[in-house]
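Please work through the exercises below with the sequence and the model open side by side. Each task is followed by a solution that goes step by step.

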Amino acid sequence: MDISGKKRCGWCTGSELYEKYHDEEWGRPVYDDDTLFEFLLLETFQAGLSWITILKKRENFRKAFDDFDYKKVAAYDDDKIAELLNDAGIIRNKLKVYGAVTNAQAFIKVQEEFGSFSKYFWGFTNGKPVVNNFTSLKEVPATTPLSDTISKDMKKRGFKFVGSTVIYAHMQATGMVNDHVMDCWIRQ
């Protein structure tokens, strides 16, 4: 519980940035492709790191990756990639930078096939969030059979850095799954 008297999911307490993200974004259903791509790109860079690290650099990523415009990211050339690899404001991992470009290209292909990335992604749950009823953080899984299925399908479609753990985090962030613990004020 914080000074406002609000009980939150334990992972976000103690950081103003984390609490704001938790209160305003995490677990809220996102159906627009622009935001889904933003989270996909950020989750790609988060692989192996803490989410707070990415949140602190989110505005740097926004600037470096043309406001998360997947059409622009899909067209990045070697010069732009070299520029990104020299940008101290983001995570300068060569494989992840190339992965972001590859994922933008795969994202567009999915849009062409399904009409939108949202239709594809949310199609795994018939457009409705999966609502879990966890009472503690210890119960919240890192992966589920559904995240395994989505991960496998995305890999077949050419996406990179989309292991089941990354996909489950993406599902949580974009509200495809609601993992707010039962006594979190958001659930009320």
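## Exercise 1: a pair of tryptophans

Trp26 is buried, with a relative accessible area of 8%, in what is a predicted model.

**Task.** Determine what kind of ring pair Trp11 and Trp26 form, and which parts of the chain the pair ties together.

**Solution.** Begin with the surroundings of the two residues: Trp26 falls under the 20% limit for a buried residue, whereas Trp11, with a relative accessible area of 23%, is partly exposed. Next comes the geometry, since a pair of aromatic rings is described by the distance of the centres and the angle of the planes. The ring centres of Trp11 and Trp26 are 4.9 Å apart and the planes stand at 65°, so the pair is edge-to-face, the cut-off for that class being over 60 degrees. Finally, place the residues in the chain: Trp11 belongs to the segment before α1 and Trp26 to the loop between α1 and α2 (33–46), so the pair ties together parts that are 15 residues apart in sequence.

## Exercise 2: further aromatic contacts

**Task.** Classify the pair of Phe45 and Phe61, and then find which residues are linked by ring pairs into a cluster.

**Solution.** The rings of Phe45 and Phe61 have centres 4.9 Å apart and planes at 55°, so this pair is tilted. Phe45 lies in helix α2 and Phe61 in helix α3, so the pair ties together parts that are 16 residues apart in sequence; both Phe45 and Phe61 are buried. Widening the search to the whole structure gives 20 aromatic pairs. Ring pairs join Phe37, Tyr70, Phe107, Phe114, Phe117, Tyr120, Phe121, Phe124 and Phe159 into a cluster. Rings also meet charges in this model: the charged end of Lys6 sits over the ring of Trp185, 4.3 Å from its centre, and that of Lys80 sits over the ring of Tyr76, 5.2 Å from its centre.

## Exercise 3: the packing of α1

**Task.** Describe how helix α1 packs against helix α3, and list the buried residues of α1.

**Solution.** Two packed helices are described by the angle between their axes and the distance between the axes. For α1 (residues 16–24) and α3 (residues 51–64), the angle is about 90° and the axes are 10 Å apart. That makes α1 roughly perpendicular to α3. On the side of α1, the residues in this contact are Leu17, Tyr18 and Tyr21, and they meet Trp51, Ile52, Leu55, Lys56 and Arg58 in α3. Sorted by character, the contact residues comprise six nonpolar, no polar and two charged. The buried residues of α1 are Tyr18, Glu19, Tyr21, His22 and Asp23, and these pack against α2, α3 and α9 (164–173).

## Exercise 4: the enclosure of α9

**Task.** Explain why α9 is described as largely enclosed by the rest of the structure, and trace two buried residues found elsewhere, Phe39 and His180.

**Solution.** Nine of the ten residues of α9 are buried, so the helix is largely enclosed by the rest of the structure. Those buried residues, among them Val166, Tyr168, His170 and Met171, pack against α1, α2, α7, α8 and β2. Phe39, found in helix α2, counts as buried at 1% relative accessibility. Neighbours within four places in sequence left aside, the contacts of Phe39 include Tyr21, Trp51, Arg58, His170 and Ala173. His180, in the segment after β2 (177–178), likewise counts as buried at 1% relative accessibility. With neighbours within four places again left aside, His180 is in contact with Cys9, His22, Trp26, Gly27, Ile186 and Arg187.

## Exercise 5: positive phi values

**Task.** Locate Asn126 and Phe161, two residues other than glycine with a positive phi, and state how exposed each of them is.

**Solution.** Most residues other than glycine have a negative phi. Asn126 has a positive phi of about 55° and lies in the loop between α7 (117–122) and β1 (130–131); with a relative accessible area of 69%, Asn126 is exposed. Phe161, whose phi is near 55°, is found in the loop between α8 (145–156) and α9, and at 30% relative accessibility Phe161 counts as partly exposed. A glycine completes the exercise: Gly175, which follows α9, has a positive phi near 75°.

Technical notes:
Residues are numbered from 1 along each chain as its sequence is written. This is a predicted model: local features need pLDDT of at least 70, side-chain atom pairs count only at pLDDT 80 or more; totals for chains, interfaces and linings use all residues. Side-chain values use heavy atoms; hydrogens and water are left out. Axes are lines fitted to C-alpha atoms, for helices over the stretch in contact, and angles run from 0 to 180 degrees between N-to-C directions. Helices (H or I, at least four residues) and strands (E, at least two) are DSSP runs, numbered from the N terminus. Angles under 35 degrees count as roughly parallel, over 145 as roughly antiparallel, 65 to 115 as roughly perpendicular and the rest as oblique. Contact means heavy atoms within 4.5 Å. Ala, Val, Leu, Ile, Met, Phe, Trp, Tyr, Cys and Pro count as nonpolar, Asp, Glu, Lys and Arg as charged, and the others, Gly among them, as polar. Rings of Phe, Tyr and Trp (its six-membered ring) pair if their centres lie within 6.5 Å; planes under 30 degrees apart count as stacked, over 60 as edge-to-face and the rest as tilted. Buried means under 20% relative accessible area, exposed over 50%, partly exposed in between (1.4 Å probe, protein chains only). A charge sits over a ring if NZ of Lys or CZ of Arg is within 6 Å of the ring centre and within 35 degrees of the ring normal.
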